[in-house]
Structures are given as structure tokens and as C-alpha cells.
Amino acid sequence: MDEKIIAMRAKLEEELAAATDLQQLETMRVTYLGKKGCITDLLKDMKSLSPEEKKTFGQDVNLLKNEATEKIAAKTEQLKNEEILREINSMPEFDLSIPVNMDRGSYHPITLVQRECEKVFISMGFNVENYSEIVTDYECFEALNIPKHHPARDMQDTYYLENGQLLKTHTSAAQNAIYKKYKDALVNDGVPIKAIFPGRCFRNESTDACHENTFFQMEGVMVDKDISISNLIYFMKTMLSEVFKKDIKVRLRPGFFPFVEPGFELDISCLICGGEGCPSCKHSGWLELCPCGMIHPEVLRAGGIDPDEYTGFAFGLGLTRLAMMKYGVKDIRDLNSGSLKTLAQFTDDE
Ligand code: PHE
């Protein structure tokens, strides 16, 4: 074997044995195996050799090349594993037998209320849908019968992304996608659309005790043949009575939202005085809780559903508001404060 090859192999072995970090190995890889590396360089010597010699020399160089590739890779692997081991050994040990500490976390009050509402609606045959927080202008407004420059947009200023998408201002932004998802089952198989979709909403709002730029709603829709306002009242009343664990009276007042017709504000009998009248309900006996209405024909049409054949209701329950009522939270900002002292007071009733 050519002397140069023998010497280079010996040097490689020596350097490999001495290498202690990955950077050194990378430098070696480039020096030996790179395009301008010393193994490639050896081939230049071939010119002066006879055809017979060329053959063995070429084979030997290739052999060395393969050997170098394998050995550098193996050493790299070895050093990486050693590094992982060192990291594992430097971690503090923990004792699995230590009893669970009493300071475990608790669920956020909004999570608690959301789960409770979901449970009730699931028991009434509703699907729970998940929807993104970043939506298009079409989903949030246009598909809901709120064209560009409609004054209803004033109430729902939000945060826009550079690509024109926006943080959804209400859970209604998922309606169009839900109709499109379920319309075939409705039309072909007669399966009513029954879905709830809780989610985080955003509005460009200055904050005070009653306003936050980030809050939670839970939208619900039901679409089928002959759905009426009575269906809406029944489902809302049942859900609220379950959540508050007492019989809740509801009433509807007219309310305007471009995506429902007719539209309502749903009030519930005051939880504090039971409807007698007290300071919490401004002596009216009623608390405003949930906007709702019969889905506007244009909104159904945008979702691919024929409004001459099908009708439906939609409601937008303020989960943040519901949590405040249920747990007596006076300042909405406490809910987003991340203060463990505040949040740890709430526990699941069950
Ligand atoms: N999306 C409306 C809002 O946030 C509430 C709503 C939902 C009204 C469904 C009617 C029907 O203001």
C-alpha cells in the first residue's frame, strides 16, 4: 500500500482518538472528506502511475475514504451519546415516592363553566367543535351578513394581521365553516346540525372592570326543518338551569345582530334575588345574559343551506360573563390576571 495512504490512516486514527468534542470532528470531516480534503487530494498522485498501479491505488484510496467516513460518524455518535448522558446525570433527582403536595393547581373558572355547559349540550345531542382564533374577514363578517363598511363592524374592532386575517371578535366566526361541514349530512341524511363552539375572542377595547380585550364565548347553532324560537328557548332554559343548579326563568327582548332575524337579548331571572328586584339586577329582576336569534337566511345560504327548506337558531353565550355570575367575580380583569391567589379559589363542584 502506498506510504502516503498508510501515513494518512495512522494520522486519522490518532486524531480520532484525541478528539473530544463535536466541533473537532466536524473540522476533521471537512479536512479529510471535503471536496478539497486531503483524501481527494491523494488522487492527484494517480497521474504518474501505471494502469495496474492506478487500479490498486484507487481501491486503497476508496477504502480509506469509506473508513474515514464510518469512523468519524461513529465517533460523532459516541460523543453525542456521552453528551446526553452527561446532561441526564446532571439533572436533579426526584423521588417518586414523595406524596402529592396539597398545592396542586385548579381549573380556571372559565374552564369550569365551559365544561359544564359542554356537558349539558352534549347530553342534548350537540357536537363540540373547535375553531381557530385567527380567521378571515369573510368568516368573521361577510359570511355573517356584515358587509364591508357596515356600522355593526364598529362594535367589533379587533387586531389585524399583516396578511389581512384577524383575531376573531366572536365565536360566530365559525358558523360558516360549521354549516359547510355538516350541510351534506343535513340535506342527504336528514341529520340536524347541532353544534356548540366555545372559543377565545378578541376586541380592541380599553379595559375596565366589565371590559376586556380577550374573553370567551360559546356559540351554539341548531339547523333543521321547522326549527323555531320555542326550540331556542327550550335549549337555553335547560342549559342554564343545569349550570346554575336551579330553575331559571328566561325572557327575550328584541336585539339587533345582522346575522339573525329576528334577533334577541336573552335575560335570565336574577340569581341573587330570584326575580324580586335587588341592586345586582338594578331592581328589574332580570340579568342580561345571551344574545341569540333565528339564523338569517343569507347566513344559511352562505353556508350552503337552502333557507327556504331549513331554519335554525344561534346563540352567543358569554362564557366569561357566565363565570363571573356563577362565581361572583366582580372585576373581569381578575380572570386574565394569572394571579394564583385569585384563581385558586375556584374548584369544580363535583
Ligand atoms: N356574535 C354576537 C356577539 O358577539 C352574539 C350573537 C351570537 C348574537 C349568535 C346572535 C346570535 O356580539
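## Helix α8 and the residue after it

In α8, the buried residues (under 20% relative accessible area with a 1.4 Å probe and protein chains only; over 50% is exposed, and partly exposed lies in between) are Leu 232, Phe 235, Met 236, Met 239, Leu 240, Ser 241, Val 243 and Phe 244. Helices here are DSSP runs of H or I with at least four residues, strands are runs of E with at least two, and both are numbered from the N terminus. The 16 residues of α8 reach 22 Å from first C-alpha to last, close to the 22 Å expected at 1.5 Å a residue; the expected span is 1.5 Å times one less than the number of residues. Right after α8 comes Lys 245, with a positive phi near 55 degrees.

A word on the source: this is a predicted model, where local features need pLDDT of at least 70 and side-chain atom pairs count only at pLDDT 80 or more, while totals for chains, interfaces and linings use all residues. Residues are numbered from 1 along each chain as its sequence is written, and side-chain values use heavy atoms, with hydrogens and water left out.

## The long run of α4

Helix α4 covers residues 51-90, which makes 40 residues. Its first and last C-alpha atoms are 58 Å apart, close to the 58 Å expected at 1.5 Å a residue. Its buried residues are a mixed set: Phe 57, Gly 58, Asp 60, Val 61, Leu 64, Glu 67, Ala 68, Ile 72, Lys 75 and Leu 79. These residues pack against α1 (3-18), α2 (22-33) and α3 (38-42), where contact means heavy atoms within 4.5 Å.

## The sheet and the helix across it

Seven strands form an open sheet with mixed pairing, in the order β1-β4-β5-β9-β8-β7-β6. The edges are taken by β1 (127-128) and β6 (250-254), each with a single partner strand, so one side of each has no neighbour in the sheet. Two strands count as paired if DSSP finds at least two bridges between them. Strand β5 (residues 214-224) and strand β9 (residues 311-318) are antiparallel and share eight bridges, with Met 222 bridged to Phe 313 in β9.

At the β6 end, five bridges join β6 to β7 in the antiparallel sense, and a hairpin of five residues connects the two. Pro 254 has Phe 264 of β7 as its bridge partner. Strand β7 also holds Pro 262, which is joined to Glu 261 by a cis peptide bond with omega of about 0 degrees. Helix α10 (residues 319-327) lies across β4 (193-202), β5, β7 (260-269), β8 (286-295) and β9. The angle between α10 and β9 is about 55 degrees, taken between N-to-C directions on a scale from 0 to 180 degrees, with axes fitted to C-alpha atoms and, for helices, over the stretch in contact.

## Around the ligand

Which residues are closest to the ligand? Of the 14 that surround the ligand, the closest are His 170, Ser 172, Arg 203, Gln 217 and Gly 316; near means that a heavy atom lies within 4 Å.

Some polar contacts (N or O pairs within 3.5 Å; within protein, one atom must be able to donate a hydrogen and the other to accept it, and residues adjacent in sequence count only if both atoms are side-chain atoms) can be listed here. Polar side-chain atoms of His 170 and Ser 172 each lie by a ligand nitrogen atom, at 2.9 Å for His 170 and 2.8 Å for Ser 172. For Gln 217, a side-chain N or O atom is 2.9 Å from a ligand oxygen atom.

## Glu 116 and Phe 346

Glu 116 sits in helix α5 (residues 109-123) and counts as buried because its relative accessibility is 11%. Its side chain makes a polar contact of 3.2 Å with that of Lys 326. Beyond neighbours within four places in sequence, Glu 116 is in contact with Glu 242, Val 243, Lys 245 and Lys 326.

Phe 346 lies in the segment after α11 (340-343) and is buried, with a relative accessible area of 7%. Its C-alpha atom is 9.8 Å from that of Ile 110, although 236 residues separate the two along the chain. Leaving out residues up to four places away in sequence, Phe 346 touches Ser 106, Tyr 107, Pro 109, Leu 112, Tyr 327 and Val 329.
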